[in-house]
Amino acid sequence: MPIRIHATDCCTDPEPHALNAANPQPHVAGVVDGAFWRFKLSGEWLDRHITLTEACGTAISTLLTVPNFPSDINLLASDATSSIAAAINRSRSTDLQSMQRTLQEEPLYDTAAPTIWIDHWKGWGNGISDAISRDNLPMAIRIADAFGIKLHEIPVSPEVGRFMWRTLVRTRTHDAPVFQVLVIKIDGSTTTLFVDENTTTAKLLEAHAVEENMNANTKLRAVRG
């Protein structure tokens, strides 16, 4: 049975390099069998801790590249121990627990999970995805060429976009004092949301959307713990 290595990495503050001295952009990135993806970190994502964005790398691979190899062993490799802990449901971080719960609510997760193995890779073994995360694609291509790998980019999927959006909303922090808002629907079901004095109506509605059906097509619902 073939083993597919899905290596991921993240950089939140990339240094300028020769081919991009002005404005390198931070990314979460991953690669498997020459196919690479990258998710640009912008807006609120720049305020999230790198342990969360690193863990999002293995989650994105679970939804984006693992489903392409349903009959193979899919090894998720990361140099961040926090990412490994989250993937095996052993993280003590509230944000990482929220991220993993959000991943497990995605319909693709149940299909992908039985094929997945997790491994910790030291940084030097993760050069291609590391370079991509630092917005240094020329370096990634050079490293890949040295191993006889031809790189090609694949776009992130709608499932990845939805997962990252829901994770972003669920990991927002609140300033003290924090209040609970109980939303009661016509059918009698309820949803509890947390807000502070600065929470806008838009963010309240966005948080509610995350905890309810995403749309009529997916019928994705939150798993109540």
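Okay, let me start with one residue: aspartate 33 is partly exposed, at 47% relative accessibility. Its phi is positive, about 50 degrees, even though this is not a glycine. You'll find aspartate 33 in the loop between strand E2 (27-32) and E3. And yes, before anyone asks, this is a predicted model.

There's another aspartate with a similar story. Aspartate 135 has a positive phi too, about 60 degrees, and again is not a glycine. So is aspartate 135 buried or exposed? Buried, with a relative accessible area of 15%, and the cut-off for that word is under 20%. Aspartate 135 sits in the loop between helix H5 (127-133) and helix H6 (137-146).

While we're on backbone oddities, look at the peptide bond from alanine 176 to proline 177: that one is cis, with omega near 0 degrees. Proline 177 belongs to the loop between H7 and strand E7 (179-184). Why bother pointing these out? Because most residues other than glycine have a negative phi, and most peptide bonds are trans.

Right, zooming out. The protein chain has eight helices and eight strands. Its radius of gyration is 19 Å, close to the 17 Å from the globule rule for 225 residues, so the chain is as compact as a globular protein of that length. If you're setting up a box, the C-alpha atoms fill one of roughly 60 × 45 × 30 Å along the principal axes. Of the 225 residues, 44% count as buried. As for contacts between residues at least 6 apart in sequence, 67% of them join residues at least 24 apart.

Now the inside. The largest nonpolar core has 22 residues, and those with the most contacts inside it are Val28, Phe39, Trp45, Ile60, Met99, Phe163 and Met164. Which elements supply at least two residues each? Strand E3 (35-40), helix H1 (50-64), helix H3 (94-104) and helix H7 (158-170). H1 gives the largest share, seven residues. There's also a second, separate core of ten residues, including Ala7, Ala131, Ile132 and Ala140.

Take valine 28 from the big core: leaving out residues up to four places away in sequence, valine 28 touches, among others, Asp9, Cys10, Trp37, Phe39, Cys56 and Ile60.

Last bit, the outside. The accessible surface of the chain comes to about 12,000 Å², and 56% of that belongs to carbon and sulfur atoms. On charges, we have 20 positive and 26 negative side chains, with the centres of the two sets 4 Å apart.

Technical notes
Residues are numbered from 1 along each chain as its sequence is written. This is a predicted model: local features need pLDDT of at least 70, side-chain atom pairs count only at pLDDT 80 or more; totals for chains, interfaces and linings use all residues. Side-chain values use heavy atoms; hydrogens and water are left out. Helices (H or I, at least four residues) and strands (E, at least two) are DSSP runs, numbered from the N terminus. The radius of gyration is taken over C-alpha atoms; the globule rule is 2.2 Å times the number of residues to the power 0.38. Buried means under 20% relative accessible area, exposed over 50%, partly exposed in between (1.4 Å probe, protein chains only). Contact means heavy atoms within 4.5 Å. Accessible areas come from the Shrake-Rupley method with a 1.4 Å probe; for residues, only the protein chains shown count as cover. Lys and Arg count as positive and Asp and Glu as negative; His and the chain ends are not counted. The place of a charge is taken as NZ of Lys, CZ of Arg, CG of Asp or CD of Glu. A nonpolar core is a set of buried Ala, Val, Leu, Ile, Met, Phe, Trp, Tyr and Cys residues joined through side-chain atoms within 4.5 Å.
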